Each structure stands twice: as C-alpha cells, then as structure tokens.
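Student: I am new to this structure and would like to get to know it slowly. Please pick one part, take a close look at it with me, and then show me what lies around it.

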Amino acid sequence: MTRLTARTGRVGDDDPPTLTLEPGASVAAALTAVNIDPDGGPLDDCPVVQGSDYLVYPPHSFTGVTVSTGEPVPACESSAEFLHVGPVQQQG
C-alpha cells in the first residue's frame, strides 16, 4: 500500500473565520475525491495506485497526521489533483 500524499485543492471560503476551541471540542473539514477508475479515468495523467493512508496537515501546521482509510482506495500517483478539502468548521 501507498500513503496518499497528493496535492489537494481547496474549495469554499477563501478567508474562513478563525476558530477558538474549548478543551474537548472538535472541528472537521470535508474531504472529497474524484472517483478514479482502475485505468485512471476520468482524470488525465493519472497512473493509479492503491493507497491506505492520508497524510493530513492541520491548518498552520508543519506536522502531518496519518489517517488510515481502513481499506484500499485508488489514488493518482501523478500530480493530478483528485482531492479537495473544504474549510475547517466547528462541530455542533
């Protein structure tokens, strides 16, 4: 398996508000992915590899956190942008 470290595009608010968390509070950001066929479609230049982990960098952090997918997922081995992340939002 391969750790998924693809370039991720941002979607949504270009200037999201700063969130201050109380102890025990949580935030989330939506992660969406292009449904990649085994032959690489629908993206151009997308050699397919099976991944098992995402390496996630929280906002303003240079330290990544490994998040397991729980099962193999297809990913682009090239620089094709197949992941998109939305702004961090506080959870109710």
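Tutor: Let us begin with a word we will need throughout: a strand here is a DSSP run of type E with at least two residues, and strands are numbered from the N terminus. Please also keep in mind that this is a predicted model. The mean pLDDT of the protein is 80, and 88% of its residues reach 70 or more. Confidence is lowest in strand S1 (residues 2-4), where the mean is 56, and highest in strand S3 (residues 27-28), where it is 86.

The protein has eight strands and zero helices. Read from the N terminus on, its elements therefore run β-β-β-β-β-β-β-β, since helices and strands are the DSSP runs counted here.

Now for our close look, which starts with Asp45. This residue is found in the loop between S4 and S5. Its phi is near 50 degrees, a positive value in a residue other than glycine. That deserves a second glance, because most residues other than glycine have a negative phi. Asp45 has a relative accessible area of 57%, so this residue is exposed; the cut-off for exposed is over 50%.

Move to Cys46 and the picture changes. Cys46 is buried, and its partner Cys76 is buried too. Together they form a disulfide, with their sulfur atoms 2.0 Å apart. The partners come from distant parts of the chain: Cys46 sits in the loop between strand S4 (31-33) and strand S5 (48-56), while Cys76 belongs to strand S6 (residues 65-76), and 30 residues separate them. Which hand does this disulfide have, left or right? The torsion about the S-S bond of Cys46 and Cys76 is about -95 degrees, so the disulfide is left-handed. A search of the whole structure finds one disulfide, so you can take your time with this pair, given that a disulfide means cysteine sulfur atoms within 2.5 Å.

Both cysteines also belong to something bigger. Cys46 and Cys76 are among the 10 residues of the largest nonpolar core, together with Ile36, Val49, Tyr54, Val73, Ala75, Ala80, Phe82 and Leu83. Strands S5 and S6 each supply at least two residues of this core, and S6 gives the most, with three residues. For the protein as a whole, 20% of the 92 residues count as buried.

One core member leads us on to another part of the chain. Leu83 and Arg10 are 73 residues apart in sequence, but their C-alpha atoms are 8.7 Å apart in space. Arg10 is found in strand S2 (residues 8-10), and its relative accessibility of 79% makes this residue count as exposed.

A little further along we come to Gly86, in the loop between strand S7 (83-85) and strand S8 (89-90). Gly86 has a relative accessibility of 14%, so this glycine counts as buried. The C-alpha atoms of Gly86 and Ala28 are separated by 9.1 Å, with their positions 58 residues apart along the chain. The neighbour of that alanine in the sequence, Ala29, is in the loop between S3 and S4. At 35% relative accessibility, Ala29 counts as partly exposed. Its C-alpha atom is 6.2 Å from that of Gln89, although the two are 60 residues apart along the chain.

Let us finish at the surface. Val27 has its place in strand S3 and is partly exposed, with a relative accessible area of 36%. Along with Leu19 and Leu21, Val27 makes a nonpolar surface patch of about 200 Å².

To retrace the path in the viewer, start at exposed Asp45, step to Cys46, and cross the disulfide to Cys76. From there, follow the core to Leu83.

Conventions: Residues are numbered from 1 along each chain as its sequence is written. This is a predicted model: local features need pLDDT of at least 70, side-chain atom pairs count only at pLDDT 80 or more; totals for chains, interfaces and linings use all residues. Side-chain values use heavy atoms; hydrogens and water are left out. Helices (H or I, at least four residues) and strands (E, at least two) are DSSP runs, numbered from the N terminus. Buried means under 20% relative accessible area, exposed over 50%, partly exposed in between (1.4 Å probe, protein chains only). pLDDT is the predictor's confidence in each residue, from 0 to 100. A nonpolar core is a set of buried Ala, Val, Leu, Ile, Met, Phe, Trp, Tyr and Cys residues joined through side-chain atoms within 4.5 Å. Patches are made of residues with over 30% relative accessible area and no salt bridge: like charges are joined within 9 Å, nonpolar side chains (Val, Leu, Ile, Met, Phe, Trp, Tyr) within 5 Å. Accessible areas come from the Shrake-Rupley method with a 1.4 Å probe; for residues, only the protein chains shown count as cover. A salt bridge is a side-chain nitrogen of Lys or Arg within 4 Å of a carboxyl oxygen of Asp or Glu.
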